[in-house]
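Please look through the sequence and the structure shown below before reading on. The paragraphs that follow lead from a single residue outwards to the helices and sheets.

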Amino acid sequence: MERSAAVIGLGNLGHAWASRVLGTRPLLLVEPDASRRADFADAGDTVAMATLPAAGAADSSHWAQVERVHVLVRTTDQAMTVLAQLEQLVGSGTPVHLHTTLSAAGASALADRATALRVLEQPVTGGAAGIHDGRFAVLTAGPATDEDHAWLADLGARVIPFAAYGDPTAAKLVNNVLAACTTGATAALLLLARELGIDLTQMREVLRHGSGGSWMAEALPDLQDDQVQLLVKDVGLLAELAGRVPSVDPADGAALLRDVSAARAAMLATPGTRP
């Protein structure tokens, strides 16, 4: 029987990930929400649905054929619960690609799972649209093999390795808080543009082609409330990790010049990095 890949969690990112894996090999999906499962009901006999049972439960036989697992649940607590259940269901050498954005404490605790599971800390950036289009990055730490990296690359991911557990989470949080800042600033300035009598269709064209544009500005019209709430969650997680979230006031010219100068110097001092 052909070996399968499992995807746990069919939310916004999980649905995109499962769609990306679909067709590459048999797919085992775990999702308690029936409406989310329904999207894959007509995918054919290469897709199976499962739960996360205790060892020896009726449908645990599905797991004997799983060669890699992708976890895309919403919270750190959910991720840790899933890992504890997987310890009873898959072999210790099975790669568990943990794509959930964790708290700093949760990421640091992954090393304690190393004897029972081969957990790879791998938050994803690029959003569901990026996953669908094959334009996304996976930040990775943990005992990944060349085969693990090749699997992700075949799905279209740019794989960015980090030295230790916790580093990908910190980098993802910085990235997401920057996305939150960009989104908030874009929204506020679009509203200001409207106050100034500028047509927002034209303003969006300016942002699409001008120096003020960004990926988040482009995505803003399609951004859903739950996606914004995830950004807000990550702002809190970064504040917990770093003790603060930088405040940027472009009207403070001295602070803007100081920060840009310091960041430029730091990036120039790092080999292979350009400002």
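**From one glycine to two sheets**

Glycine 184 is partly exposed, with a relative accessible area of 40%, a value that lies between the limits of 20% for buried and 50% for exposed residues. The model in which this glycine is found is a predicted one, and the values given here are to be read in that light. Glycine 184 has its place in helix H7, and although 36 residues separate it from leucine 220 in sequence, the C-alpha atoms of glycine 184 and leucine 220 are 9.7 Å apart in space.

Helix H7, which covers residues 167–195, packs against helix H8, made up of residues 200–209, at an angle of about 135° and with 10 Å between the two axes. Angles that are neither under 35 degrees, nor over 145, nor from 65 to 115 count as oblique, and H7 and H8 are therefore oblique to each other. The crossing in which H7 passes H8 is right-handed, and the contact is made on the side of H7 by Thr186, Leu190, Ala193 and Arg194, and on the side of H8 by Leu200, Met203 and Leu207.

Helix H7 also leads to a sheet, for it lies across strands S7 and S8 and runs at about 145° to S8. This sheet is open and consists of three strands in the order S7-S8-S9, with mixed pairing; its edge strands are S7 (124–125) and S9 (157–161), each of which pairs on one side only. Strand S8, residues 136–140, runs parallel to S9 and is joined to it by five bridges, and within this pair alanine 137 stands opposite arginine 158 of S9. Another helix, H6 (residues 146–154), lies across S8 and S9, and its direction makes an angle of about 145° with S9.

A second open sheet holds six strands, which follow one another in the order S3-S2-S1-S4-S5-S6 and pair in the parallel sense. Strands S3 (47–50) and S6 (118–121) stand at the edges with a single partner strand each, so that one side of each is left without a neighbour in the sheet. On average, and with direction ignored, neighbouring strands of this sheet are turned by 20° against each other. Towards one edge, S6 pairs with S5 (residues 95–98) in the parallel sense over four bridges, and the bridge partner that leucine 98 has in S6 is glutamate 121.

Which residues of strand S1 point one way, and which the other way? Ser4, Ala6 and Ile8 point to one side and Ala5 and Val7 to the other, and all of them are buried. Five of the five residues of S1 are thus buried, so the strand is largely enclosed by the rest of the structure. S1 pairs with S4 in the parallel sense over five bridges, with serine 4 standing opposite valine 66 of S4, while four bridges join S1 to S2, which runs parallel to it, and here alanine 6 stands opposite leucine 28.

Together with helix H1, strands S1 and S2 make a right-handed β-α-β unit. H1, residues 12–21, lies across S1 (4–8), S2 (27–30) and S4 (66–71), and runs at about 170° to S1. Helix H3, residues 76–86, lies across S1, S4, S5 and S6, and runs at about 170° to S5.

Note on methods:
Residues numbered from 1 in each chain as written. Predicted model: local features only at pLDDT ≥ 70, side-chain atom pairs only at ≥ 80, totals over all residues. Heavy atoms only, no water. Pairing = 2+ DSSP bridges. Helix = DSSP H or I, 4+ residues; strand = E, 2+ residues; numbered from the N terminus. Axes fitted to C-alpha atoms, helices over the stretch in contact; angles between N-to-C directions. Contact = heavy atoms within 4.5 Å. Buried < 20%, exposed > 50% of the residue type's maximum accessible area, 1.4 Å probe, protein only. Right-handed = clockwise from strand over helix to strand, strands pointing away. Left-handed = near helix turned anticlockwise from the far one by under 90°.
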